[in-house]
Amino acid sequence: KQWYQRRVAITAGIDTEVYRSSGKLYLCIASCMRKYWKTPEQGAQTSIYCATADLGEGNGCYFVNSELRAFNEKQIDEDVQLKLWEVSMKVVEEFLESKDTS
């Protein structure tokens with residue numbers, strides 16, 4: 001069997017410790033989004049599907065709930081991608097710093 005690298009984007013929608021440690025931000029997010037969040041087990045299903053399904057040799061796919069979806073314009077906008085990366089890094093850094101002080 002020939003192995004190749006697969007690149008897929010996955011929307012998991014999982015309620016994690018990163019959000020819970022965000023204080024007021026978490027409360028705001030939770031009040032709006034809780035009904036859409038999944039357990040870690042539920043959120044892992046799409047990752048498991050993408051890792052084990054025969055997706056052919058296609059790359060650059062986007063999956064939600066184990067279903068292939070089309071990207072929207074904001075998802076492929078490089079400026080939006082960079083901003084999301086910067087915000088994500090800041091949230092993770094704050095989370096890690098909070099764990100160091102506790």
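Biologist: Which helix holds M89?

Modeller: A word first: this is a predicted model. Helices are numbered from the N terminus. M89 falls within residues 78–101. That stretch is helix α5.

Biologist: Is M89 buried, partly exposed or exposed?

Modeller: Buried means under 20% relative accessible area, and exposed means over 50%. M89 has a relative accessibility of 33%. That value lies between the two cut-offs, so M89 counts as partly exposed.

Biologist: Which residues make a nonpolar surface patch with M89?

Modeller: A patch residue needs over 30% relative accessible area. M89 has 33%, so M89 passes that cut-off. The patch covers about 320 Å². The partners of M89 there are L82 and W85.

Biologist: Now the charges. Which residues form the negative surface patch?

Modeller: Asp and Glu count as negative. Like charges are joined within 9 Å. The patch has four members: E73, D77, E78 and D79.

Biologist: Take E73 from that patch. Is E73 buried or exposed?

Modeller: E73 sits in helix α4, residues 73–76. Its relative accessible area is 70%. The cut-off for exposed is over 50%, so E73 is exposed.

Biologist: Which residue meets R69 in a salt bridge?

Modeller: A salt bridge needs a side-chain nitrogen of Lys or Arg within 4 Å of a carboxyl oxygen of Asp or Glu. R69 has such a contact at 3.6 Å, N to O. By this rule the count comes to one salt bridge. The partner of R69 is E67.

Biologist: Are R69 and E67 buried, partly exposed or exposed?

Modeller: R69 has a relative accessibility of 39%. E67 has 45%. Both values lie between 20% and 50%, so R69 and E67 count as partly exposed.

Biologist: Where is N65 found?

Modeller: Strand β2 spans 61–64, and strand β3 spans 67–69. N65 comes after β2 and before β3. N65 is partly exposed, with a relative accessible area of 41%. Its place is the loop between β2 and β3.

Biologist: What is the phi of N65?

Modeller: Most residues other than glycine have a negative phi. N65 is not a glycine, yet its phi is positive. The value is about 50°.

Biologist: S66 is in the loop between β2 and β3 too. What is the phi of S66?

Modeller: S66 is partly exposed, with a relative accessible area of 24%. S66 is not a glycine, but its phi is positive. The value is about 65°.

Biologist: How far apart in space are I48 and S66?

Modeller: I48 lies in helix α3, residues 40–52. S66 lies in the loop between β2 and β3. In sequence, I48 and S66 are 18 residues apart. In space, C-alpha to C-alpha, the distance is 8.8 Å.

Biologist: Step back to the whole chain. What pattern does the protein chain follow along the sequence?

Modeller: The protein chain has five helices and three strands. In the pattern, α stands for a helix and β for a strand. Read along the sequence, the order is β-α-α-α-β-β-α-α.

Biologist: What share of the residues counts as buried?

Modeller: Buried means under 20% relative accessible area. The protein chain has 102 residues. The share that counts as buried is 16%.

Biologist: What share of the accessible surface belongs to carbon and sulfur atoms?

Modeller: The accessible surface of the protein chain comes to about 8300 Å². Carbon and sulfur atoms are counted together here. Their share is 57%.

How values were computed
Residues are numbered from 1 along each chain as its sequence is written. This is a predicted model: local features need pLDDT of at least 70, side-chain atom pairs count only at pLDDT 80 or more; totals for chains, interfaces and linings use all residues. Side-chain values use heavy atoms; hydrogens and water are left out. Patches are made of residues with over 30% relative accessible area and no salt bridge: like charges are joined within 9 Å, nonpolar side chains (Val, Leu, Ile, Met, Phe, Trp, Tyr) within 5 Å. Accessible areas come from the Shrake-Rupley method with a 1.4 Å probe; for residues, only the protein chains shown count as cover. The place of a charge is taken as NZ of Lys, CZ of Arg, CG of Asp or CD of Glu. Helices (H or I, at least four residues) and strands (E, at least two) are DSSP runs, numbered from the N terminus. Buried means under 20% relative accessible area, exposed over 50%, partly exposed in between (1.4 Å probe, protein chains only).
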